[in-house]
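Reader: I am new to this structure and would like a close look at one part of it. Please take me through it step by step.

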Amino acid sequence: MLHPTIEELTKGEYNRYELALATAKCARLITEEYVRQHDAAEKSITGNKETDRPLNTMIDRELRDEKAVHVAVNRLYAGEYVIDMNANEATEAEEETQEAVADEQAEDFLSDAE
């Protein structure tokens, strides 16, 4: 049996689709953090075997040893990440505002050109 269960993760507030989207977004953030730490660790290696630490010791153990989706589910369960239902609405409104500004700038440019 999986732990935490879907019911424990959603707490009756979200459906499975929303949970899957949130988990995927969290997993993407976790993967980006792993890549950032890995790149920083590679840059810090000087080539001296006596003084350099092994690459895997410079990366967070949780990010290094666990799959990103597993870490994301655990973080959602622990409350480190929160599902924000208004985030999509805010993003859509922001995109509409940007489109409106771009349209106005295009109209101003065309009227100046005439």
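Reader: Which residue forms a salt bridge with glutamate 80, and how far apart are the closest N and O atoms? Please look closely at that part, then show me how it fits into the rest.

Author: The partner is arginine 75. The closest N and O atoms of the pair are 3.8 Å apart. Bear in mind that this is a predicted model.

Start with the two ends of the bridge. Glutamate 80 has 56% relative accessibility, over the 50% cut-off, so it counts as exposed. Arginine 75 has a relative accessible area of 15%, under the 20% cut-off, so it counts as buried. The bridge thus joins an exposed residue to a buried one. Why can such a pair form at all? Side chains of opposite charge can pair when their charged atoms come close.

Now place arginine 75. It is one of the buried residues of helix 4, which spans residues 68-78. The others are Val71, Ala72, Val73 and Leu76. What lies over these buried residues? The cover includes helix 1 (6-10), helix 2 (16-44) and helix 3 (61-65). After helix 4 comes glycine 79. The phi of glycine 79 is positive, near 90 degrees.

Helix 4 also feeds the largest nonpolar core. That core has 13 residues. Leu9, Leu19, Ile30, Ala72, Leu76 and Ile83 touch the most other members. Helix 2 and helix 4 each supply at least two residues of the core. The largest share, five residues, comes from helix 2.

Leucine 9 shows how the parts meet. Set aside its neighbours within four places in sequence. Leucine 9 is then in contact with Pro4, Leu19, Val73, Leu76 and Tyr77. Of these, Val73 and Leu76 are among the buried residues of helix 4.

Next, helix 3, part of the cover over helix 4. Here there are further salt bridges. Arginine 61 and aspartate 65 meet through their side chains, at 4.0 Å from N to O. The two are four residues apart in helix 3, which means that about one helical turn separates them. Aspartate 65 has a second partner, arginine 64. In that bridge the closest N and O atoms are 3.1 Å apart.

How open are these three residues? Arginine 61 counts as exposed, at 51% relative accessibility. Aspartate 65 is partly exposed, at 45%. Arginine 64 is partly exposed too, with a relative accessible area of 30%.

Return to the bridge you asked about. Glutamate 80 pairs with arginine 75. Elsewhere, salt bridges that share partners join Arg61, Arg64 and Asp65 into one network. A search of the whole structure finds five salt bridges.

Helix 2 deserves a look as well, since it also helps cover the buried residues of helix 4. Glutamine 37 lies in helix 2. It is buried, with a relative accessible area of 17%. Its side chain reaches the backbone nitrogen of aspartate 60 at 2.8 Å. Beyond its neighbours within four places in sequence, glutamine 37 is in contact with Met58, Ile59, Asp60 and Leu63.

Histidine 38 is found in helix 2. It is buried, at 19% relative accessible area. Not counting residues up to four places away in sequence, histidine 38 touches Leu55 and Ile59. Ile59 is also a contact of glutamine 37.

Leucine 29 is in helix 2 as well. This residue is partly exposed, with a relative accessible area of 45%. Leucine 29 and alanine 68 are 39 residues apart in sequence. Their C-alpha atoms are 8.8 Å apart in space.

One more pair spans the chain. Glutamate 13 sits in the loop between helix 1 and helix 2. At 55% relative accessibility, it counts as exposed. Methionine 85 is 72 residues away along the chain. The C-alpha atoms of glutamate 13 and methionine 85 are separated by 9.9 Å.

Finally, step back to the whole protein. It has five helices and zero strands. Of its 114 residues, 19% count as buried. Take the contacts between residues at least 6 apart in sequence: 60% of them join residues at least 24 apart. The accessible surface comes to about 9,100 Å². Carbon and sulfur atoms account for 51% of that surface.

Notes. Residues are numbered from 1 along each chain as its sequence is written. This is a predicted model: local features need pLDDT of at least 70, side-chain atom pairs count only at pLDDT 80 or more; totals for chains, interfaces and linings use all residues. Side-chain values use heavy atoms; hydrogens and water are left out. Buried means under 20% relative accessible area, exposed over 50%, partly exposed in between (1.4 Å probe, protein chains only). Contact means heavy atoms within 4.5 Å. A nonpolar core is a set of buried Ala, Val, Leu, Ile, Met, Phe, Trp, Tyr and Cys residues joined through side-chain atoms within 4.5 Å. A polar contact is a pair of N or O atoms within 3.5 Å; within protein, one must be able to donate a hydrogen and the other to accept it, and residues adjacent in sequence count only if both atoms are side-chain atoms. Accessible areas come from the Shrake-Rupley method with a 1.4 Å probe; for residues, only the protein chains shown count as cover.
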